[in-house]
Structures are given as C-alpha cells and as structure tokens.
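Visitor: I have a model open and would like to learn how to read it. Where do we start?

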Amino acid sequence: MAVRAVRGAVQLERDEAGHMDEQVGALLTAVLERNSLGADDLISIWFTATPDLHSDFPAAAARKLGIVDVPLICAQELDIAGAMPRVVRILAHVESDKARADINHVYLGAAAALRRDIAQ
C-alpha cells in the first residue's frame, strides 16, 4: 500500500452554500469512485477556493458525505488576474495499491480546462 495524491477541481456556477455542497460533494464522490477508494483510504484532504467564494467552507461538503474522521483543511487560492473564477480544488492524500500513473485526477465541468494534461 502506497500513499498517493489525487487532484481535482470543479467550477461553481454561483457562490451559494447549497450549490457548493452539491458540486464539491460530486467532486469528492467522483474522486473516490474513479480511484476505487473508500473513506477509510483517505489520509487527508486539502481544499482551496478562489477568493470570490465565501458562502461556505468546501470541507463542509465532505463532512456531509460522512467523511468525519479524516483531517480536512481549507485555504484560499492566490488572486491571479485572469484565473478561472469560482473554483474549488482538492488535493487528497490516500492509501492505494494503484501505481502513481494509474491515479485518476478528476476535473469536473469547465474545470477540466485547468489541467488538460491530467484531467480524466
């Protein structure tokens, strides 16, 4: 069993807590499903949000999915001119038997444009 890092992102349509919960929940679910992971495989998750998002903590969506005993932290992305707005990114550290090259990074919707090189 190795420690692996899984990246992901989603662009929100609007800055509303319910919408954030829905979209971040979908992102986390996709990351787990596409990598054959369960909550017990999670070590920790970093969440970042662009400076235009302030309706809720992205990590709240993980708690609502039942991810309750995994360390989570939220931070703000750098405010870079021209950056994609309303984006939540994740960096999940997991235990997995998969090789690094076999990890599926998940970029949903318009966020796929952020990392065309690794988006699945």
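Guide: With strand pairing. Two strands pair if DSSP finds at least two bridges between them. Keep in mind that this is a predicted model.

Visitor: In which sense do strand β2 and strand β3 pair, and over how many bridges?

Guide: Strand β2 covers residues 42-49, and strand β3 covers residues 72-76. The two pair in the parallel sense, over five bridges. Take one contact to get oriented: Ile-45 has Leu-72 in β3 as its bridge partner.

Visitor: Through which helix does the chain cross from β2 to β3, and is the crossover right-handed or left-handed?

Guide: The path runs through helix α2, residues 59-64. This β-α-β crossover is right-handed. To check the hand, point the strands away from you and follow the path from the first strand over the helix to the second; clockwise is right-handed.

Visitor: Next, side chains. How many salt bridges does a search of the whole structure find?

Guide: Four. The test is a side-chain nitrogen of Lys or Arg within 4 Å of a carboxyl oxygen of Asp or Glu. Start with Glu-13 and Arg-14: their closest N and O atoms are 3.5 Å apart. Arg-14 also meets Glu-16 in a salt bridge, at 3.0 Å from N to O. Glu-13, Arg-14 and Glu-16 are thus linked in a network of salt bridges.

Visitor: Are the members of that network buried or exposed?

Guide: Read the relative accessible area. Over 50% is exposed, under 20% is buried, and in between is partly exposed. Glu-13 has 61%, so Glu-13 is exposed. Arg-14, with 35%, is partly exposed. Glu-16 is partly exposed as well, with 40%.

Visitor: Which residue forms a salt bridge with Arg-89?

Guide: Glu-77, with the closest N and O atoms 3.8 Å apart. Arg-89 lies in strand β4, residues 87-96, while Glu-77 lies in the loop between β3 and β4, so the pair ties together parts that are 12 residues apart in sequence. Accessibility adds to the picture. Arg-89 counts as buried because its relative accessibility is 17%. Glu-77 is partly exposed, with 23%.

Visitor: Now for empty space. How many cavities of 30 Å³ or more does a search of the whole structure find?

Guide: One. A cavity is a space where a 1.4 Å probe fits but cannot get out. The largest cavity has a volume of about 40 Å³.

Visitor: Which residues line the largest cavity?

Guide: Leu-28, Val-31, Leu-32, Leu-42, Ile-45, Ile-67, Ile-90 and Ala-92. Ile-45 is the β2 residue whose bridge partner is Leu-72. Sort the lining by element next. α1 (17-34), β2 and β4 each supply at least two residues. α1 gives the most, with three. Then sort by chemistry: eight are nonpolar, none polar and none charged.

Visitor: How much space lies in the largest pocket, and which residues line the pocket?

Guide: About 150 Å³. Unlike a cavity, a pocket is an open set of points. Its lining consists of Met-20, Ala-49, Thr-50, Leu-53, His-54, Asp-56, Phe-57, Pro-58, Cys-74, Ala-75 and Gln-76.

Visitor: Which element gives the most to the lining of the largest pocket, and how do the residues divide?

Guide: β3 gives the most, with three residues. By chemistry, the lining of the largest pocket divides into seven nonpolar, three polar and one charged.

Conventions: Residues numbered from 1 in each chain as written. Predicted model: local features only at pLDDT ≥ 70, side-chain atom pairs only at ≥ 80, totals over all residues. Heavy atoms only, no water. Helix = DSSP H or I, 4+ residues; strand = E, 2+ residues; numbered from the N terminus. Buried < 20%, exposed > 50% of the residue type's maximum accessible area, 1.4 Å probe, protein only. 1 Å grid on protein atoms, 1.4 Å probe; cavity = no way out; pocket = protein on both sides within 12 Å on 5 of 7 lines; lining within 4 Å. Points joined across faces, edges and corners; volume = space filled by probe spheres on them. Nonpolar A, V, L, I, M, F, W, Y, C, P; charged D, E, K, R; others polar.
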